[in-house]
Amino acid sequence: MNAGKMDRRIFLMGAAAAAVSCGTMRNRTTYVSPNEKLNTAHIGVMGKGQGHLKHCHDFENVVALCDVDKRYLDIGHERYPNARMFRDFRVMLEKMPEIDAVVIATPDNTHAVAAMAAMQHGKHVYVEKPLTYCISETRMLTHAARKYNVATQMGNQGHSLDCMRALCEMIWSDVIGAVHEVHCWTDRPIWPQGISDPLPAQPVPDYLDWDLWLGPAHERPYNEGYHPDNWRGWFDFGTGALGDIGCHTMTTPFKVLDLYAPTRVECIKIEGQNHQTYPLKSIIRYEFPERKKGRKTLPPVSLYWYDGGLKPPPPEGVPEENHPCASSNGILFYGSNGCIECGGNGENPQFLLHALMNDYVKPEPVLERIPNEDHRTNWTTACKGGKPACSNFDFAGPLTEAVLLGNIALRARQPIEWDTKKMKVTNVPEANRLVTRIYRPGWNPL
């Protein structure tokens, strides 16, 4: 596809996403009293879906289960015999208007199409991280949530933890000064990546609807290396280590530093690069511009992402044997007066390079705490007319867009410059094909 046609397709996709925020709602959700139970439907019932199911079974009414794998539906039927079973979420949504809220725990590939269909039917949605497979889908869902007036939440549960909020208050107290650099790391991938060729065709098992599993993705033959467990590393289905953990680990710096959209992203180290899957290891640098927070001007921030077990070097002056980056998923904040290292959700912060840290006095809380640190109940309370959930799409959307920009830089093989208003890579036109996607017939969410 030539650059002119690609630019037009990106423009049209962005315009369509923006248009979702206008116009008349197709359906509007009905009000549910805080004392009543929601009728919940679950798309994807194993893996993370199991935890969501148990929670909703304990506190709400589980009325429908949907999965493309009959083995999982059979297990679901044993555990939740009163719920109706479906293979295709589109059929479920048409046949069950009594559904109030939908939980989506599928491979990344189908997050957006399932969430959009649910919102178009007036249902509240909880979507596992990352919110979407590509940036245009993220923008589309963010606008759609406002249009359809539904309660939303992304499954980055660390955003509901007290420790993350306490870390915000710690850094806001200026104990390490103005933060100008952040390092985030993870031990992911813990699934196969760095694979250069498609897997060989195998017969489709009789329990699996392979066409539904593919969803919007390009057609390719079935192989057990894609389903059930290892889809995350493949470009067509997943979003790699960044999609898996970035929406967790980057949540904290986004909240702490009031980040929004980076202007430049560059992959500065990569091992195992290929054209089928995400690499074995990578380091990506994001550049965020100066920001205004109230009357305060926050300095530009460089955020570094490490995966595949790579970690940042210890801060200057910290001996190698006292390297603070011991956890498998963590964050290191550099301020003008010192450093703070913590776990991937802001837990167990440690002060570095500051002689007065022993005299540190914890600031008074200013952020509201989430009751019981319960991310799911935070959402169901919003569904029943409470405050918006803490990681609703207005927060989760921009976070996910930034995370996915790292994957674009990784696959573009050169630095990219990003215009968030135009939803466009400005310096590498061919990279814009990764901002959106071409949907298989019948799977376009608009």
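Which residues in helix 7 are buried? In this predicted model, local features need pLDDT of at least 70 and side-chain atom pairs count only at pLDDT 80 or more, while totals for chains, interfaces and linings use all residues. Residues are numbered from 1 along each chain as its sequence is written, and side-chain values use heavy atoms, with hydrogens and water left out.

The answer for helix 7 is Met164, Arg165, Ala166, Leu167, Cys168, Glu169, Met170 and Ile171. Buried here means under 20% relative accessible area, with exposed over 50% and partly exposed in between (1.4 Å probe, protein chains only). Helix 7 spans residues 162-172, and since eight of its eleven residues are buried, it is largely enclosed by the rest of the structure. The cover over those buried residues includes strand 7 (179-185), helix 10 (251-257), strand 13 (330-335), strand 14 (339-343) and strand 15 (350-352). Just after helix 7 comes Asp174, with a positive phi near 70°.

Now for the chain as a whole. It holds twelve helices and 17 strands; helices (H or I, at least four residues) and strands (E, at least two) are DSSP runs, numbered from the N terminus. Of the 446 residues in the chain, 58% are buried. Among contacts with a separation of 6 or more, 69% are between residues 24 or more positions apart, a contact being heavy atoms within 4.5 Å.

One open sheet has six strands in the order 3-2-1-4-5-6, and the pairing is parallel. Two strands pair if DSSP finds at least two bridges between them. At the edges stand strand 3 (84-86) and strand 6 (152-154), each with a single partner strand, so one side of each has no neighbour in the sheet. Neighbouring strands of this sheet are turned by 20° against each other on average, direction ignored. Strand 1 (residues 39-43) and strand 4 (residues 101-104) run parallel and are joined by four bridges, with Thr40 opposite Ala101 in strand 4. Helix 5 (residues 111-120) packs on this sheet and touches strand 1, strand 4, strand 5 (124-127) and strand 6, its direction making about 165° with that of strand 5. Helix 11 (residues 375-383) packs there too, touching strand 4, strand 5 and strand 6, and its direction also makes about 165° with that of strand 5. For such angles, axes are lines fitted to C-alpha atoms, for helices over the stretch in contact, and angles run from 0 to 180 degrees between N-to-C directions.

The other open sheet described here has nine strands in the order 15-14-13-7-12-9-8-16-17, and its pairing is mixed. Strand 15 and strand 17 (424-425) are its edge strands, each with a single partner strand, so one side of each is left without a neighbour in the sheet. Strand 7 runs parallel to strand 12 (residues 301-307), and five bridges join them; Trp185 stands opposite Tyr306 in strand 12. With strand 13, strand 7 pairs in the antiparallel sense over six bridges, and Val179 faces Gly335 in strand 13. Strand 13 also pairs with strand 14, again antiparallel, over five bridges, and the two form a hairpin with three residues between them. Here, Ile331 has Cys342 in strand 14 as its bridge partner.

Strand 13 is mostly covered, with six of its six residues buried. Gly330, Leu332 and Tyr334 point one way, whereas Ile331, Phe333 and Gly335 point the other way. Helix 9 (residues 240-249) lies across strand 7, strand 9 (281-288), strand 12 and strand 13, running at about 130° to strand 12.

Elsewhere, two helices pair up. The axes of helix 6 (residues 135-148) and helix 12 (residues 393-412) come within 9 Å and cross at roughly 175°. Helix 6 and helix 12 are therefore roughly antiparallel to each other; angles under 35 degrees count as roughly parallel, over 145 as roughly antiparallel, 65 to 115 as roughly perpendicular and the rest as oblique.

Finally, the nonpolar cores. A nonpolar core is a set of buried Ala, Val, Leu, Ile, Met, Phe, Trp, Tyr and Cys residues joined through side-chain atoms within 4.5 Å. In the largest one, of 99 residues, Phe89, Met92, Met119 and Phe333 touch the most other members. Helix 12 supplies the largest share of this core, twelve residues. Apart from it lies another core, of ten residues, among them Ile283, Tyr306, Cys325 and Tyr334.
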